[in-house]
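Grab a pencil and open the viewer. These exercises walk you through a few spots in one protein, one step at a time.

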Amino acid sequence: MFRLGQRVAIAVFFLFLVSLASSRGAGNDAPPVIALKAARLFDGKSKALITNGVIIVQGDKIVDSGSNLPVPAGAQVIDLGDATLSPGFMDAHTHLTLDYSGNYNQRRLDELDLNVSEQAIKAVTFARATVEAGFTTVRDLGSRFVASREFVDIALRNSINKGVIVGPRMLVATKGIGATGGHFDPTSGFRDFLFGREPDYTDGIANGPDDVRKAVRFEVKNGADIIKAAVSGGVLSLADEVDTPQFTPAEMAALVDESHRLRKKVAVHCHGDQAGREAVEAGVDSIEHGSFLKPETLTLMKKKGTFLTPTLMATEWIMSKIANYPPALQEKARAAAAARSEMFRNAVKMGVKISFGTDAAVFPHGQNAKEFALMTRLGMAPIDALKSATSNDAELLGIGQKIGTLERGKLADIIAMHGDPTADIAATEHISLVMKEGKIIRNGPPAMQAAAKSTEATDVAAPVD
Ligand SMILES: [Zn+2]
């Protein structure tokens with residue numbers, strides 16, 4: 001028996017060596033080829049769809065893309081039928097670590113109650129819901145937890161990059177920078193010194209040009225890919241008016257100069273027109289929301305090539321659930337909603353560069369594509385809305401050489417949606433395939449739809465107190 005055991009052991013060891021050698025051999029071979037086929041294809045930049053779309057993918061890259069391309073011998077063919085292939089969508093304004101979509105007061109209570117680790121675990125499901133909805137890249141514009149030092153967005157980004165969890169490629173802003181008492185002050189609305197001290201640059205709260213530079217440096221030191229700042233008041237904050245400027249021109253100049261020196265782009269939360277004009281003059285890369293921007297400010301944006309990220313979904317969601325918010329916030333939401341439709345129509349007419357961004361977290365994660373229908377309803381051509389979420393966002397994010405179009409050599413971030421989005425833009429909400437860097441994340445129904453129902457419970461809760 002002993003001898004037989006020895007023989008078996010030797011045989012097993014030999015088989016192990018053979019399998020090791022063959023797997024090494026396979027590793028040296030070219031990676032397998034996948035051919036994606038669908039009735040239509042949007043390449044991310046052209047004025048029209050093409051028919052009989054074919055994309056050839058090898059490894060993490062696109063080898064070729066076009067109409068009626070021949071399929072290489074031995075390729076795995078995935079025929080998606082009556083669908084449209086497109087570059088993976090991007091959302092230039094998300095908060096994947098947060099959830100503001102339920103009852104406002106409940107959310108504030110949760111923020112005090114919940115361990116930040118528990119919130120981070122929830123964020124894993126938000127990231128998955130987002131990529132499964134066809135959004136393979138996001139610019140994540142702010143992640144903060146009151147009285148916490150954690151950088152949850154950095155952890156989420158890194159875990160996705162390392163393949164520990166599934167989610168979109170993330171460019172993250174860490175905490176975002178704002179003024180004392182402004183939209184980003186995490187202690188606004190709470191009793192004075194409840195958290196023991198006034199927040200400072202380590203919380204993203206800065207006053208004066210030097211302090212703003214310090215905050216930028218601190219965020220970059222901790223891994224920020226992009227700098228976000230709040231230069232005007234906001235809707236979901238308690239101590240500010242929605243349209244007042246919150247940084248001086250000198251502070252904005254310091255913000256832009258310090259960020260650009262460190263090769264980081266600057267996105268600014270801004271509803272008010274004065275703050276918007278001053279931010280564009282200071283050279284920011286994008287204005288987020290922009291509700292009250294006047295035509296003169298939009299003209300300046302057009303001239304300087306500043307992007308507008310409209311986040312129509314955020315206002316839409318808040319207005320549809322207005323009773324979830326305290327009266328002071330309801331008033332601010334109504335004012336912003338009344339102004340933003342005309343602002344957006346003007347921006348489209350004037351040819352301002354428009355990026356696709358939703359403010360996901362204000363509404364449940366994974367519903368990002370509903371922004372497309374809001375954009376087209378306010379006068380944007382469907383093909384331009386599709387470009388905003390692909391090549392435009394890639395340009396704004398500074399990653400246009402790698403993604404955003406279906407071209408040879410680009411990373412294979414590819415999605416398929418049922419039907420024709422130029423005939424019915426709601427097709428963008430019905431994704432059937434998601435591929436990120438050549439790996440299929442989804443081919444068929446999404447796995448995370450149930451988990452992503454982040455807020456139904458808090459939705460129905462009565463206001464606390
Ligand atoms: Zn936001």
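Before you start, here is a definition you'll want: a crossing is left-handed if the near helix is turned anticlockwise from the far one by less than a right angle, and right-handed if clockwise. Also keep in mind that this is a predicted model.

**Exercise 1. Work out how helix 9 and helix 10 cross, and which residues meet there.**

Solution.

Step 1: Start with the general idea. Two packed helices are described by the angle between their axes and the distance between the axes.

Step 2: Get those two values. The axes of helix 9 and helix 10 cross at roughly 140° and come within 10 Å. That makes helix 9 oblique to helix 10, because an angle has to be over 145 degrees to count as roughly antiparallel.

Step 3: Look at the hand. Helix 9 and helix 10 make a left-handed crossing.

Step 4: List who touches whom. On the helix 9 side you find Leu312, Thr315, Glu316, Ile318 and Met319, and they meet Ala333, Arg334, Ala337, Arg340 and Phe344 of helix 10.

Step 5: Sort these residues by class. The contact of helix 9 with helix 10 has six nonpolar, one polar and three charged residues.

Step 6: Check what is hidden. Leu312, Met313, Ala314, Thr315, Trp317 and Ile318 of helix 9 are buried. Helix 10 and helix 11 are included in what covers the buried residues of helix 9.

**Exercise 2. Do the job again for helix 8 and helix 10: what are the angle and the hand of the crossing?**

Solution.

Step 1: Find helix 8 at residues 295-304; its axis is 10 Å from that of helix 10, and the two pack at an angle of about 40°.

Step 2: Name the arrangement. That makes helix 8 oblique to helix 10, because an angle would need to be under 35 degrees to count as roughly parallel.

Step 3: Add the hand. The crossing of helix 8 and helix 10 is right-handed.

Step 4: Pick out the residues. Pro295, Leu298, Thr299 and Lys302 in helix 8 meet Met343, Asn346, Ala347 and Met350 in helix 10. By class, the residues of this contact of helix 8 with helix 10 divide into five nonpolar, two polar and one charged.

**Exercise 3. Which protein residues are donors to the zinc ion, and how are they spaced in sequence?**

Solution.

Step 1: Zoom in on the zinc ion. Its protein donors are His93 (through NE2), His95 (also through NE2) and Asp359 (through OD), lying 2.1 to 2.2 Å from the ion.

Step 2: Write the spacing of the donor residues as a pattern: H-x1-H-x263-D.

Step 3: Ask what that long gap does. His95 lies in the loop between strand 6 (89-94) and helix 2 (104-113), while Asp359 lies in the loop between helix 10 (327-350) and helix 11 (370-377), so the pair ties together parts that are 264 residues apart in sequence.

Step 4: Buried or exposed? For His95, the relative accessibility is 11%, so His95 counts as buried. Asp359 has 9%, so Asp359 is buried too.

**Exercise 4. What is the sign of phi at Asp359 and at Thr311?**

Solution.

Step 1: Take Asp359 in the loop between helix 10 and helix 11. Its phi is near 75°, a positive value in a residue other than glycine.

Step 2: Move to Thr311, in the loop between strand 12 (307-309) and helix 9 (312-320). Thr311 isn't a glycine either, yet its phi is positive, about 45°.

Step 3: Note how hidden Thr311 is. With a relative accessible area of 2%, Thr311 is buried.

**Exercise 5. Place Gly66 and Ser432, and say what each one is in contact with.**

Solution.

Step 1: Gly66 sits in strand 3 (residues 61-67). Its relative accessibility is 10%, so Gly66 counts as buried.

Step 2: Leaving aside neighbours within four places in sequence, Gly66 is in contact with Leu41, Ile50, Asn52, Gly53 and Val54.

Step 3: Compare sequence with space. Gly66 and Ile56 are 10 residues apart in sequence, and their C-alpha atoms are 9.1 Å apart.

Step 4: Ser432 belongs to strand 14 (residues 431-436) and is buried, at 9% relative accessible area.

Step 5: With the neighbours within four places left out again, the contacts of Ser432 are Leu80, Ala416, Met417, His418, Arg442, Asn443 and Gly444.

Notes:
Residues are numbered from 1 along each chain as its sequence is written. This is a predicted model: local features need pLDDT of at least 70, side-chain atom pairs count only at pLDDT 80 or more; totals for chains, interfaces and linings use all residues. Side-chain values use heavy atoms; hydrogens and water are left out. Donors are N, O and S atoms within 2.8 Å of the metal (3.2 Å for Na, K and Ca); water is not among the atoms, so sites may look incomplete. Helices (H or I, at least four residues) and strands (E, at least two) are DSSP runs, numbered from the N terminus. Buried means under 20% relative accessible area, exposed over 50%, partly exposed in between (1.4 Å probe, protein chains only). Axes are lines fitted to C-alpha atoms, for helices over the stretch in contact, and angles run from 0 to 180 degrees between N-to-C directions. Angles under 35 degrees count as roughly parallel, over 145 as roughly antiparallel, 65 to 115 as roughly perpendicular and the rest as oblique. Contact means heavy atoms within 4.5 Å. Ala, Val, Leu, Ile, Met, Phe, Trp, Tyr, Cys and Pro count as nonpolar, Asp, Glu, Lys and Arg as charged, and the others, Gly among them, as polar.
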